[in-house]
Amino acid sequence: MADTQHKRQNTAGKVPVATPIVGPSGMVSLETALTAAIGAKIRLQTVAPASRTLEGTLFTVSPALNLLTLTTSTTPITEASTYHILPISALQSFNLVSLPSPTVPLPPLPALDHSALQSRLESTMARLKAEEARKGKGVSREAQEIFDRISRTLPTRWEGKDIIVSDAVVIEAPYRPEDCKAGTGAAKESLTRVKKVLEIERKKLLEKTSAARPAIPAAVPLTGPRKGG
């Protein structure tokens, strides 16, 4: 009874200590070790082929996203500090350089500029849509290359499998000068110009294709000894 009372007195008022999660081998997981080091100065090394060594303050760790944030600024951490966001899986090792200072709290993350993000998103979407519109659907590689070459000189777009140039001339398959047709109200000069550009680009394309083909070696006659003298 006395032993029981003595144990209760010894344990009274003590704060329980958190036990880190350990793996089957008894080793603490990398995510757990990194989380415990938030605010400390660490030196980490990433895996090959882009192996590099970084030293700075561990700002935050997100095991759910498999990411960590490290600031390498030597001055006190502010919103203008340099931050590196790295995948946790890209770490080869990390060493604790110094413990965090309990008197200097880490600043909050800077606020996101939602207007700038929305503008960037819209700009990216517009660019991707424009790139997609430049790709012909169900056309040959040669047709696409002809389109790309003409579009360097004249405004060009696809309409089905037809190439529309300057909204005035239609080039139908197989995309030869004689396949050019003037649209409604198009000037004769526009048709002549498009035909000339198409003729030049097809010639360049033919030269490029011919140069890319491997040369066939000439047959070498056999010069062995003749039979029968």
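Which residue forms a salt bridge with Glu-145, and how far apart are the closest N and O atoms? In this predicted model the partner is Arg-149, with the closest N and O atoms 3.7 Å apart, a salt bridge being a side-chain nitrogen of Lys or Arg within 4 Å of a carboxyl oxygen of Asp or Glu. The model is a predicted one, in which local features need pLDDT of at least 70 and side-chain atom pairs count only at pLDDT 80 or more, whereas totals for chains, interfaces and linings use all residues. Residues are numbered from 1 along each chain as its sequence is written, and side-chain values use heavy atoms, with hydrogens and water left out.

The protein chain contains 5 helices and 9 strands, where helices (H or I, at least four residues) and strands (E, at least two) are DSSP runs numbered from the N terminus. Along the sequence these elements follow the pattern α-α-β-β-β-β-β-α-α-β-β-β-β-α. Of the 229 residues, 21% count as buried; buried means under 20% relative accessible area, exposed means over 50%, and partly exposed lies in between (1.4 Å probe, protein chains only). The chain exposes about 17,000 Å², of which carbon and sulfur atoms supply 58%, the accessible areas coming from the Shrake-Rupley method with a 1.4 Å probe, and for residues only the protein chains shown count as cover. Among contacts (heavy atoms within 4.5 Å) with a separation of 6 or more, 39% are between residues 24 or more positions apart.

The strands are arranged in two open sheets, in which two strands count as paired if DSSP finds at least two bridges between them. One sheet consists of 5 strands in the order β4-β3-β2-β1-β5, with antiparallel pairing. Its edge strands are β4 (83–87) and β5 (91–98), each of which pairs on one side only, and the twist averages 45 degrees from one strand to the next; axes are lines fitted to C-alpha atoms, for helices over the stretch in contact, and angles run from 0 to 180 degrees between N-to-C directions. Within this sheet, strand β3 (residues 67–71) is joined to β4 by 5 bridges, and Leu-68 stands opposite Leu-86 in β4.

The other sheet has 4 strands in the order β6-β7-β8-β9, and here too the pairing is antiparallel. Strands β6 (156–159) and β9 (180–182) stand at the edges with a single partner strand each, so one side of each is left without a neighbour in the sheet. The twist in this sheet averages 30 degrees from one strand to the next. Strand β8 (residues 169–171) and β9 pair over 3 bridges, with Ile-171 opposite Cys-180 in β9. Helix α4 (residues 141–151) lies across β6, β7 (162–165) and β8, and runs at about 145 degrees to β6.

A nonpolar core is a set of buried Ala, Val, Leu, Ile, Met, Phe, Trp, Tyr and Cys residues joined through side-chain atoms within 4.5 Å. The largest such core has 18 residues, and those with the most contacts inside it include Ile-146, Ile-163, Ile-171 and Cys-180. The elements that give two or more residues to this core are α4, β7, β8 and α5, and α5 gives the most, with 5 residues. Apart from this core lies another, of 12 residues, among them Ala-37, Val-61, Leu-86 and Ile-88. Leaving aside neighbours within four places in sequence, Ile-146 is in contact with Ile-163, Tyr-175, Leu-198, Arg-202 and Leu-205.

Charged residues also connect α4 with α5. Side chains of opposite charge can pair when their charged atoms come close. A search of the whole structure finds 13 salt bridges. Arg-149 and Glu-145 both lie in helix α4, 4 residues apart, about one turn of the helix; Arg-149 is buried, with a relative accessible area of 10%, whereas Glu-145 is partly exposed at 22%. Glu-145 also meets Lys-208 in a salt bridge (2.9 Å, N to O), a pair that links distant parts of the chain, since Lys-208 is in helix α5, 63 residues from Glu-145. Arg-149 forms a further salt bridge with Glu-201, the closest N and O atoms being 3.4 Å apart. Glu-201 lies in helix α5, so this pair ties together parts that are 52 residues apart in sequence. Salt bridges that share partners join Glu-145, Arg-149, Glu-201 and Lys-208 into one network.
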